[in-house]
Amino acid sequence: MSMHYIKTIPFIVLFFICFSGLAQDNFDVLGESSFALNHKVSKDYSMNFAFRSRYFLHKDALQYTQQQVDVFHFSTFKLNFIHKLSFGVYYRNRDWFDTGSDELRFMQQFNYIKQRLGVRYGHRFRLEQRIFDNFTAFRQRYRFAVDFPLNGEKLDIGEAYFIGSTEALLSLSKKTTPLLDQRFTTQIGWQVSQSLKLQGGLEYRLESYNASTKSFLFVMTSAICKL
């Protein structure tokens with residue numbers, strides 16, 4: 001597969017996401033802004049701390065309504081050059097905004113990454129135990145992602161890069177039937193400096209599509225700082 005062909009994929013995926021979302025008569029648009037700190041403790045161990053804010057931008061009409069704030073942590077162990085194992089804890093606060101139940105989440109994650117001709121291919125498997133006020137849900141997730149520099153095969157400071165992914169999710173609980181979700185994400189990032197990246201893009205979500213489908217379009221912005 002040539003690099004020219006590969007680099008047309010972002011625009012095809014971006015078009016698909018935008019068209020799919022706008023084609024729905026009833027869907028919500030949300031914004032999601034995050035700030036993350038990454039720190040490499042040793043050769044084989046790193047930590048990640050993140051804060052994220054989610055808010056409605058369109059729900060029946062244009063508006064700004066805060067939905068939640070999230071804080072989470074991951075500890076990641078490098079098994080070898082292409083395999084990583086992570087454990088995380090996550091807290092979501094919706095009580096402050098009267099938008100639903102708070103959530104405590106525990107996560108176990110396995111990553112497999114390969115690189116060819118400047119393109120990285122990533123497979124991520126994640127297990128989650130989601131503890132709400134009245135029930136607990138168990139969610140399994142699989143994500144396939146690609147990322148690459150938009151100039152050449154190596155990302156240099158001041159250059160842009162692309163990230164695209166699709167993710168399938170299965171949620172199980174005693175309160176509901178099994179629920180299936182699908183997510184499609186495209187983002188453009190900028191390597192501002194050796195320790196700072198900025199990213200922005202769109203994510204289209206189909207939630208509970210095997211029961212009662214809900215559609216959401218997310219406008220995503222993030223800053224990632226490496227300590």
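User: Where does Arg52 sit?

Analyst: In this predicted model, Arg52 belongs to strand β2, which covers residues 45-58.

User: Is Arg52 buried or exposed?

Analyst: Arg52 counts as buried because its relative accessibility is 17%, and the limit for buried is under 20%.

User: Which side chain does Arg52 contact?

Analyst: The side chain of Arg52 makes a polar contact with the side chain of Tyr90, at 2.8 Å.

User: Stepping back, what do the strands build?

Analyst: Eleven strands close into a barrel, running in order from β1-β2-β3 through β4-β5-β6-β7-β8-β9-β10-β11, with mixed pairing. On average, neighbouring strands of this sheet are turned by 20° against each other, direction ignored.

User: How do β5 and β6 pair?

Analyst: Strand β5 (residues 103-116) and strand β6 (residues 119-131) are antiparallel, and 13 bridges connect them. Within this pairing, Leu104 stands opposite Ile131 in β6.

User: Which nonpolar patch do Leu104 and Ile131 help to form?

Analyst: Leu104 and Ile131 belong to a nonpolar patch on the surface, together with Phe51, Val71, Val89, Tyr91 and Phe106. The accessible area of the patch is about 540 Å² in total. Strands β4 (83-93) and β5 each contribute at least two of its residues.

User: What about Val71, where is that?

Analyst: Val71 is found in strand β3, residues 62-78.

User: And why does Val71 count as partly exposed?

Analyst: Val71 has a relative accessibility of 40%, so it counts as partly exposed. That class lies between the limits of 20% and 50%.

User: New topic: how many salt bridges does the structure hold?

Analyst: There are 16 salt bridges in the structure. Side chains of opposite charge can pair when their charged atoms come close.

User: Which salt bridges does Arg105 form?

Analyst: Among them is one with Glu103, at 2.8 Å from N to O. Another joins Arg105 to Glu128, where the closest N and O atoms are 3.4 Å apart. This second pair links distant parts of the chain, as Glu128 lies in strand β6 and Arg105 in strand β5, 23 residues apart.

User: Are those residues buried or exposed?

Analyst: Arg105 is buried, with a relative accessible area of 4%, and Glu103 is buried too. Glu128 is likewise buried, its relative accessible area being 1%.

User: What does Glu128 meet besides Arg105?

Analyst: The side chain of Glu128 also meets that of Arg126 in a salt bridge, at 3.5 Å from N to O. Both Glu128 and Arg126 are buried.

Notes:
Residues numbered from 1 in each chain as written. Predicted model: local features only at pLDDT ≥ 70, side-chain atom pairs only at ≥ 80, totals over all residues. Heavy atoms only, no water. Pairing = 2+ DSSP bridges. Helix = DSSP H or I, 4+ residues; strand = E, 2+ residues; numbered from the N terminus. Axes fitted to C-alpha atoms, helices over the stretch in contact; angles between N-to-C directions. Patch = residues over 30% accessible without salt bridge, like charges linked within 9 Å, V, L, I, M, F, W, Y side chains within 5 Å. Areas by Shrake-Rupley, 256 points an atom, 1.4 Å probe, with all protein chains shown as cover. Salt bridge = Lys/Arg side-chain N within 4 Å of Asp/Glu carboxyl O. Buried < 20%, exposed > 50% of the residue type's maximum accessible area, 1.4 Å probe, protein only. Polar contact = N/O pair within 3.5 Å; in protein donor to acceptor, adjacent residues only side chain to side chain.
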